[in-house]
Amino acid sequence: MAARPEVQVFNVEGKSESKIALPEVFLAPIRPDVVRIVHRDMKKNSRQAQGVTRRAGHQATAESWGTGRAVARIPRAGGGGTHRSGQGAYGNQCRGGHMFSALKVFRKWHRRINRDQRRYATVSALAASAVPALVMARGHKIDEVNEFPVVIDGLQKVQKTKDAVKALKAIDAEDDCARVTVAENIRSGAGKMRNRRYTNRRGPLIVFADADGVRAFRNISGIDTCNVESLNLLQLAPGGHVGRFIVWTKAAFEKLPSIFGGFDTKSSTKKNYTLPRPTVTLSDVQRVLNSAEVAKACRARITTPQPVRNHTNPFRKSSAMFKLNPHAKVLRGEARLAAKSKKVKKTAPKAAKTTKPAAKKVQAKKAGKK
């Protein structure tokens with residue numbers, strides 16, 4: 001939101017003439033969600049009721065064949081001798097049948113919008129138009145514009161289109177008009193035959209206090225005009241996107257405080273209406289939390305030393321194993337004793353093998369008899 005106390009007023013040559021107080025409406029909270037909802041419902045209110053005839057899709061004489069003939073039970077056209085006989089009819093899946101959920105003229109085409117919600121969306125769109133970042137994000141070419149909001153004195157006196165083009169060039173708004181001219185394309189589809197042949201972008205919106213000077217801007221590509229007493233959300237936020245490039249005449253800019261009032265002063269044209277107050281004055285929560293004021297009011301951070309636990313492998317470190325399994329110490333000692341005794345047995349000398357002499361003599365006698 002814009003937060004400057006004064007705004008410069010330029011003449012049609014682009015030179016600063018004076019300063020004017022910034023109306024409080026430009027300090028209103030910016031609510032893109034409210035703007036999007038209200039814009040959607042307002043757009044629906046321009047629709048014209050349409051529907052299909054009551055007998056659409058039922059011109060054929062058809063009747064179902066019933067069951068037992070191994071075909072679907074959809075109604076089928078009667079007769080014979082043609083391709084049409086026996087074909088399905090009436091259903092939305094059939095050729096020449098009715099559409100699914102047929103359009104009716106008694107559908108709910110329009111939407112009622114809460115009055116305060118409409119006003120909230122309007123002031124949000126006006127507040128967003130004073131933020132250069134939001135205007136650039138919407139696609140407008142405003143690199144050379146001096147400041148926002150743009151207030152021009154003398155536009156109501158312009159009567160010729162060539163003078164209007166010079167005035168737009170003086171305030172560096174011709175780049176945005178050129179962007180609109182380049183982007184003009186022929187619409188795809190049947191809409192090109194229905195009085196909406198071209199698609200285009202939106203350029204600057206010029207707000208007048210009365211009808212003087214409007215005629216000179218009518219034939220410039222991308223330029224829209226409106227009266228300050230009948231601001232329309234469809235023009236302030238086309239497509240439901242805030243950040244329209246708005247050029248104000250000085251007379252229209254001076255009327256804003258009386259039309260919308262302020263946070264403490266009521267509007268003179270809207271009964272008992274005051275501007276909605278912003279719920280949060282500073283939306284940068286991280287900046288608030290890290291500020292010196294908040295840090296001074298808060299206590300110091302409590303630091304509790306946490307014991308550092310080393311994750312050791314118990315199969316590699318015996319002390320860790322003994323903590324997990326105290327009996328492992330006994331088992332390990334027994335294993336060592338068993339290994340030691342086994343080693344002693346292996347190192348002991350072996351006894352020499354001796355054969356009995358009597359057995360040798362018996363063997364010799366048996367050999368001599370043979």
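**Note on the predicted model**

1. In this predicted model, the protein chain exposes about 25800 Å², and 52% of that area is supplied by carbon and sulfur atoms. Of its 370 residues, 32% count as buried.

2. The secondary structure of the protein chain consists of twelve helices and ten strands. Its radius of gyration is 46 Å, whereas the globule rule gives 21 Å for 370 residues; the value is well over the rule, so the chain is more spread out than a compact globule. Along the principal axes, the C-alpha atoms fill a box of roughly 155 × 95 × 45 Å.

3. On contacts: taking those between residues at least 6 apart in sequence, 60% join residues at least 24 apart.

4. On charge: the protein chain carries 73 positive and 27 negative charges. The mean positions of these two sets lie 33 Å apart.

5. Helix 1 covers residues 32-44. Its 13 residues, at 1.5 Å a residue, should span 18 Å, and the end C-alpha atoms are 18 Å apart, so the expected and modelled spans agree.

6. Which residues of helix 1 are buried? They are Val34, Val35, Val38, His39, Asp41 and Met42. The list thus includes His39 and Asp41 as well as three valines and a methionine.

7. The packing partners of these buried helix 1 residues are two other helices: helix 2 (115-128) and helix 6 (233-236).

Conventions. Residues numbered from 1 in each chain as written. Predicted model: local features only at pLDDT ≥ 70, side-chain atom pairs only at ≥ 80, totals over all residues. Heavy atoms only, no water. Helix = DSSP H or I, 4+ residues; strand = E, 2+ residues; numbered from the N terminus. Rg over C-alpha atoms; globule rule 2.2 N^0.38 Å. Buried < 20%, exposed > 50% of the residue type's maximum accessible area, 1.4 Å probe, protein only. Contact = heavy atoms within 4.5 Å. Areas by Shrake-Rupley, 256 points an atom, 1.4 Å probe, with all protein chains shown as cover. Lys, Arg positive; Asp, Glu negative; His and termini not counted. Charge placed at Lys NZ, Arg CZ, Asp CG, Glu CD. Expected span 1.5 Å × (residues − 1).
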